[in-house]
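Hi,

Here is the two-chain model I promised to pass on. Have a look at it first, and then read on for what turned up.

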Amino acid sequence: MGSRDFDVRAASRRMIATSERELQRIVLDMHDGPVQDIFAALSQLQVLERALVADPESHQRAQQAVGLLERALAEIRNFIGAFRPPGFERRPLEAIIEGLAVQHETLTDQVVELTVPEELDDCALATKIAIYRVLQEALANGHRHSGATRQRVKVAQYGQTITLVVSDDGRGFDPKRVLALEDDVGVEGGHFGLRGIQDRVAMLGGTFAIVSAPGEGTALTVTLPAE
Amino acid sequence: MTSVRTIRVLLADDHAIVLEGLRALLDGEPGLRVVAATTDGSEVVRLVEQHKPDVVVLDLELAGMKGTAVLAALRERPDPPKVLVLTAYNDGDALRSALDAGADGLALKTESPQQTLTAIRQVYSGQLVFPQAARRWIEGRGAGAPGELTPREREVWALMAAGLSNPQIAERLGLSENTVKFHVQHLFSKLGVKNRTEAALRFARGR
């Protein structure tokens, strides 16, 4: 690898770690700020609502406001999740993957069959983050689109390479068409799509392959350098 | 006139506005009364000593002393109050630390405060109140279908039928006593039994 390639790779890793820290800060700030405020406001408003029973019009307005704030809380819950950031610095990769699998099962009722070697070597922070985000996105896609009741996740390590395979027996799709559509990918709802997965992997010098066809299920394979 | 005993509540939360909101809500509710409130974790034990509340509503992210340490200190008391953990996070860390530290329930700040009120009444009446998702976190992945006993519940059932108490089962299985209590509660509801004797009888009759 030339030294220029190496510089770019190192810069990419720093960028991934930095943007992840930003994201974690946002999640923590949301829970420490707006969630507390809205919860407190709802408590106060429910007191008002009870006091206004004798005045139907005001009572109805208070009820509407309660409904709006409850919806705001639900949106925060759906948008950034009610989960603390996974603690990339302090937890090993297998614990992070396991946590994500349980989280997915909890939220979706879709079963995740997990195969992870007992002892994975510790890998670079940027790789850990990338595996987490790629897996999160792949599971979400598999839930939204596959129609399958279960997904399989397999993690393996061969020398300095970590491989992640996420597959299902669902309805499948045409990857070329979807990747073409995702050219101008956004981060709507925190999801960055197939193209986003591809970009993250490329930044770290990994590989990305998706095998799927309508009716044939889907298998996403990603490899990343461990260090 | 029948008088229902008022549930006396102590509130401990890092956020003063949450304390203020909950205090107003609880005091306006028949049968509930806030006897003390604090943002300082190291004050909780002293306030419990002083006011003898029935239920402590406790945020795990407290200033002064960590919520889990407060919980542990409360559990040491001869007559511990019921403890409802109130948190913004519905994740495995929050659930596990609440259960392991011996909380009686967990309510979420991302749900309506009305649910916190309901949970206070439930823990007061002796129920363990944890979100549906808690089961998954405790059992690990792939918990069985509802109604079906999980391997862990079968283990607990067998030990219970052999006459072991919750603390003994906890020690045998390397779990917290509260986690065992959690399994026992689910076991009873799945078996449709009311107590340990009925559960043991069912076990003896070939399940």
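What does the secondary structure of chain B come to? The tally for chain B is 10 helices and five strands. Before I go further, please keep in mind that this is a predicted model.

**The two chains, one at a time**

Chain A has seven helices and five strands. Reading from the N terminus, its elements go α-α-α-α-β-α-β-β-α-α-β-β. The chain is divided into two domains, with domain 1 covering 33–80 and domain 2 covering 90–225. Their C-alpha centres sit 38 Å apart. If you want a feel for the dimensions, the C-alpha trace of chain A spans about 75 × 40 × 35 Å along its principal axes.

How much of each chain is buried? In chain A, buried residues make up 29% of the 227 residues. In chain B, the figure is 42% of 207 residues.

I also looked at how far apart in sequence the contacting residues are. Taking contacts in chain A between residues at least 6 apart, 68% join residues at least 24 apart. For chain B, residues 24 or more positions apart account for 58% of the contacts with a separation of 6 or more.

**Where the chains meet**

The contact between the chains takes 28 residues from chain A and 25 residues from chain B. On the chain B side, α1, α4 (92–100), α5 (113–124) and α6 (133–139) each supply at least two residues. Of these, α1(B) gives the most, with seven residues.

So which helix of chain A does α1(B) pack against? That would be α2(A), and the residues that meet are worth colouring in your viewer. From α2(A) they include Phe39(A), Ala40(A), Ser43(A) and Val47(A), and from α1(B) they include Ile17(B), Gly21(B), Leu22(B) and Leu25(B). Polar side chains take part as well, among them Gln36(A), Asp37(A) and Gln44(A) from α2(A) and Glu20(B) from α1(B).

As for the geometry, the axes of α2(A) and α1(B), which covers residues 16–27, come within 8 Å and cross at roughly 20°. Because that angle is under 35 degrees, α2(A) counts as roughly parallel to α1(B). The crossing is left-handed.

**The cores**

The largest nonpolar core has 54 residues. Those with the most contacts inside it are Val56(B), Val57(B), Leu58(B) and Leu84(B). The largest share of this core, seven residues, comes from α2(A), residues 34–51. A second, separate core has 26 residues, and Ile97(A), Val112(A), Ala126(A) and Val222(A) are among them.

Leu84(B) is a good residue to click on. What does Leu84(B) touch, leaving aside its neighbours within four places in sequence? Its contacts are Val55(B), Val57(B), Asp104(B), Gly105(B), Ala107(B), Ala119(B), Ile120(B) and Val123(B).

**Two helix pairs inside chain B**

The first pair is α2(B) with α3(B), residues 67–75, whose axes come within 9 Å and cross at roughly 20°. That makes α2(B) roughly parallel to α3(B), and here the crossing is right-handed. Gly41(B), Val44(B), Val45(B) and Val48(B) from α2(B) meet Gly67(B), Val70(B), Ala73(B) and Leu74(B) from α3(B).

The second pair is α8(B), residues 166–173, with α9(B), residues 177–191. Their axes come within 8 Å and cross at roughly 110°, so α8(B) and α9(B) are roughly perpendicular to each other. In this pair, Asn166(B), Pro167(B), Ile169(B) and Ala170(B) meet Glu177(B), Val180(B), Lys181(B) and Val184(B).

**Two single residues**

Lys52(B) is in the loop between α2 (41–51) and β3 (55–58) of chain B. Most residues other than glycine have a negative phi. The phi of Lys52(B), though, is near 45°, a positive value. Lys52(B) is partly exposed, with 13 other C-beta atoms within 10 Å.

Over in chain A, Thr115(A) lies in strand β1, residues 111–115. Is Thr115(A) buried or exposed? It is exposed, since it has 10 other C-beta atoms within 10 Å and the cut-off for exposed is 12 or fewer. Thr115(A) and Glu98(A) are 17 residues apart in sequence, and their C-alpha atoms are 9.7 Å apart in space.

Cheers

Notes: Residues numbered from 1 in each chain as written. Chains lettered and ligands numbered in written order. Predicted model: local features only at pLDDT ≥ 70, side-chain atom pairs only at ≥ 80, totals over all residues. Domains from an automatic or database assignment. Core = buried A, V, L, I, M, F, W, Y, C linked by C-beta atoms within 7 Å. Buried ≥ 20, exposed ≤ 12 C-beta atoms within 10 Å, placed from the backbone. Helix = DSSP H or I, 4+ residues; strand = E, 2+ residues; numbered from the N terminus. Contact = placed C-beta atoms within 7 Å. Axes fitted to C-alpha atoms, helices over the stretch in contact; angles between N-to-C directions. Parallel < 35°, antiparallel > 145°, perpendicular 65-115°, else oblique. Left-handed = near helix turned anticlockwise from the far one by under 90°.
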